[in-house]
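Hi,

Here is the structure I promised to pass on. Have a look at it first, and my notes on what turned up follow below.

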Amino acid sequence: MRGVLRAIVQKYNGERRQLLAMLRDVQVTYRCVPDEAITLLAEEVDVPRIQVEGTATFYHFLSHEHRGNVTVYLNTSVGAEMAGGAEVAAAFEHEVGTPFGTTSADRAIGLYTTSCIGMSDQEPAALINDIPFTRLTPARVRAIVAGIRAATPLPEMLGPLGDGRNASPAINAEVCNNIRHPGPVFFAPYTQGVALARALESSSLDIIESVKQSGLRGRGGAGFSTGQKWASCRATDGESRYVICNADEGEPGTFKDRVILTECAELMFEGMVIAGYAVEARRGLLYLRGEYAYLVPHLEQVLQDMRAKHLLGRRILGTPFSFDIGLRVGAGAYICGEESALIESAEGKRGTPRNRPPFPTVSGYRHRPTIVNNCETFGCAARIAEHGWEWFRQHGTAGSAGVKLLSVSGDCERPGVYEVPWGTSVREVLALCGAGETMAVQVGGPSRAYVPPDRFDRRLCYEDLDTGGAVTVIGAHRDLLAIVENHMQFFANESCGFCVPCRAGNTILLHAIQKIRAGLGTTADLAAIQQLGAMVKATSRCGLGQTSPNPLLSTIEHFRDVYLARVRADVDYVSAFDLEAATAPSLVVTGSAPLAGRG
Ligand code: SF4
């Protein structure tokens with residue numbers, strides 16, 4: 001094993017910060033991360049064993065147990081459940097002969113579930129050895145499992161390839177873009193290099209001023225001024241600065257970055273180079289969620305092509321400015337979408353959020369000044385450099401300039417990506433996507449709001465209903481509480497475990513919704529949920545815990561009747577334990593009187 005490990009370490013030049021990449025390779029090689037590999041990696045990279053073990057045990061796609069020569073990660077998000085995920089899961093279990101969470105006895109196939117894999121517009125979907133298989137049916141599952149058993153290469157079992165670059169040799173995926181509503185930023189005509197050339201004609205301070213004037217706010221959800229973030233980074237002394245693109249969209253129901261990475265990678269990277277010029281950085285990183293690992297060859301090809309065109313690398317477009325971009329690939333951890341957790345992960349560690357302040361613009365990657373923006377923000381920045389801040393301001397509202405990419409899924413005729421101006425109402429989105437009778441719209445992923453019909457005129461913008469972009473349409477026929485339980489299960493799974501309110505609180509809240517769904521809830525439980533949810537939000541350390549009770553709190557507020565129909569108001573407590581039934585057999589044996597008959 002040492003020889004294999006040594007080769008893996010050498011592939012990454014022995015860099016400690018590449019520890020996660022090394023562990024991913026170990027997982028691929030051995031289908032698990034064995035104890036011995038952890039020990040050897042620690043020796044070869046010269047880090048404490050506990051650090052390697054800490055990283056190896058943090059991520060969903062790394063496992064101490066053997067996960068099968070072929071590993072199936074079936075998505076269990078709401079979108080998958082709505083599209084028939086339960087039947088597909090049953091088909092996998094039947095065909096493989098082992099339940100989810102286990103590997104077949106011959107170690108040929110492992111069946112595991114995972115949170116949203118960014119395919120909510122084409123569910124049910126699974127990653128099989130990192131390759132996305134979409135629109136699964138029980139019949140297709142039977143064919144895939146038979147193919148695996150017959151040693152058919154996985155790419156040969158793909159269905160028709162998707163549209164656009166999904167069908168290119170570098171991607172070769174059956175994923176579809178589903179671009180339903182193009183807009184002026186991402187899906188308008190694009191000439192590579194124009195934005196960058198214009199930016200390099202200006203001073204770096206002018207670039208920052210232009211981004212400030214544009215009103216661009218971070219598209220990840222927090223909505224912080226991008227220009228201010230860049231200004232803060234540039235103003236911080238440091239021997240080097242970094243630009244990181246957060247391509248770790250993990251909010252269930254979101255998939256717009258998948259389409260940007262597939263079709264607009266050049267625009268996004270151009271935005272990163274412009275950001276590098278603005279803050280005087282020389283190095284950028286794209287942190288790609290592990291679920292999108294199938295895009296790595298394509299992204300590397302785009303970067304290489306940019307270098308060949310002098311849009312990246314040394315002396316960009318003949319100027320003194322040099323900047324290059326590398327890739328980091330995650331391994332399945334929603335919390336790594338939080339910028340400080342992402343930085344920790346990019347450094348090869350557990351994706352645990354850092355205490356803030358200091359903020360990353362002061363002390364980020366390698367404790368150097370760092371800006372972290374997401375794919376969409378960098379794409380917008382490139383267009384601002386190309387067309388000017390006044391052009392950008394023409395779109396959207398006074399407080400929310402520009403456009404927003406929406407990932408629309410659920411009960412509608414046209415799930416997919418919509419580029420709309422900020423200020424578009426929920427009702428307008430429903431009309432665009434062909435929604436029928438709708439009970440609720442979940443805007444911004446589980447951590448945000450469930451919007452009831454009487455509020456469908458609310459507008460998507462920072463002044464009203466801010467969102468990172470996920471829009472899930474919930475039809476009138478759905479069991480809303482099943483959706484809430486799915487979302488609470490997600491947060492209980494994804495809590496990094498650092499702080500008690502989030503780690504324990506989300507599990508207690510999950511049990512509470514399960515209790516209500518089992519018919520054992522009371523109105524007192526609703527009050528308890530609201531009290532505990534408020535406490536979890538107020539005392540958790542990072543954004544995950546500060547928003548995770550929202551599925552329950554938002555639905556109890558806006559859909560109270562749904563809960564009242566499922567809980568009892570006449571008692572405070574409904575016992576699930578039948579003492580008489582449990583003791584009856586022993587009473588028969590001992591010849592004792594039934595409990596009810598005793599005085
Ligand atoms: Fe981790 Fe949750 Fe605490 Fe955030 S709030 S640090 S995810 S335990």
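Start with N13, which is found in the loop between α1 (2–11) and α2 (19–30). Keep in mind that this is a predicted model. The phi angle of N13 is near 55 degrees, a positive value in a residue other than glycine. N13 has a relative accessible area of 67%, so it counts as exposed.

D46 makes a good companion to look at next. It is not a glycine, yet its phi is positive too, at about 65 degrees. You'll find D46 in the loop between α3 (35–45) and α4 (49–56). With a relative accessible area of 54%, D46 is exposed.

While you're checking the backbone, there are a couple of cis peptide bonds to click on. One joins E123 and P124, with omega at about -5 degrees. P124 sits in the loop between β3 and β4 (126–128). Another runs from P357 to P358, and there omega is near 5 degrees. P358 belongs to the loop between α14 and β10.

That brings me to R366, which is placed in the loop between α14 (339–346) and β10 (370–374). Is R366 buried, exposed or partly exposed? Its relative accessibility is 30%, and the partly exposed class runs between 20% and 50%, so R366 counts as partly exposed. Leaving out residues up to four places away in sequence, R366 touches R17, Y242 and E347. If you want a sense of distance, R366 and A534 are 168 residues apart in sequence, and their C-alpha atoms are 35 Å apart in space.

Y242, one of the residues R366 touches, leads straight into a set of parallel strands. Strand β7 (residues 242–247) runs parallel to β8, and six bridges join them. The bridge partner of Y242 in β8 is R283. On to the next pair: β8 and strand β9 (residues 324–329) also run parallel, again joined by six bridges. Here R283 stands opposite D324 in β9. So how covered is strand β8 (residues 283–288)? Mostly: five of its six residues are buried.

Now for another sheet. Six strands form an open sheet with mixed pairing, in the order β6-β12-β11-β15-β13-β14. At the edges are β6 (179–181) and β14 (449–451), each of which pairs on one side only. On average, neighbouring strands of this sheet are turned by 30 degrees against each other, direction ignored. Within it, strand β11 (residues 403–410) and strand β12 (residues 416–421) are antiparallel partners over six bridges. To find your way along that pair, look for K404, whose bridge partner in β12 is V420.

Helix α11 (residues 256–263) packs on this sheet, where it touches β6, β11 and β12. The direction of α11 makes about 120 degrees with that of β11. Helix α11 also packs against helix α12 (residues 265–279), at an angle of about 90 degrees and with the axes 5 Å apart. Angles of 65 to 115 degrees count as roughly perpendicular, so that is the description for α11 and α12. Which residues of α11 and α12 meet? From α11 there are I260, L261 and E263, and from α12 there are A265, E266 and M268. The residues of this contact divide into four nonpolar, no polar and two charged.

Back to strand β3 (residues 109–114) for a moment, since T114 has its place there. Its relative accessible area is 7%, and the cut-off for buried is under 20%, so T114 is buried. Beyond residues up to four places away in sequence, T114 touches F61, Y73, L74, N75 and T76.

Last, the ligand. There are 13 residues around it, and C496, F498, C499, C502 and C542 come nearest. By type, the residues of this shell divide into eight nonpolar, four polar and one charged.

That's what I have for you; shout if you get lost in the numbering.

Cheers

Technical notes:
Residues numbered from 1 in each chain as written. Predicted model: local features only at pLDDT ≥ 70, side-chain atom pairs only at ≥ 80, totals over all residues. Heavy atoms only, no water. Helix = DSSP H or I, 4+ residues; strand = E, 2+ residues; numbered from the N terminus. Buried < 20%, exposed > 50% of the residue type's maximum accessible area, 1.4 Å probe, protein only. Contact = heavy atoms within 4.5 Å. Near = heavy atom within 4 Å. Nonpolar A, V, L, I, M, F, W, Y, C, P; charged D, E, K, R; others polar. Pairing = 2+ DSSP bridges. Axes fitted to C-alpha atoms, helices over the stretch in contact; angles between N-to-C directions. Parallel < 35°, antiparallel > 145°, perpendicular 65-115°, else oblique.
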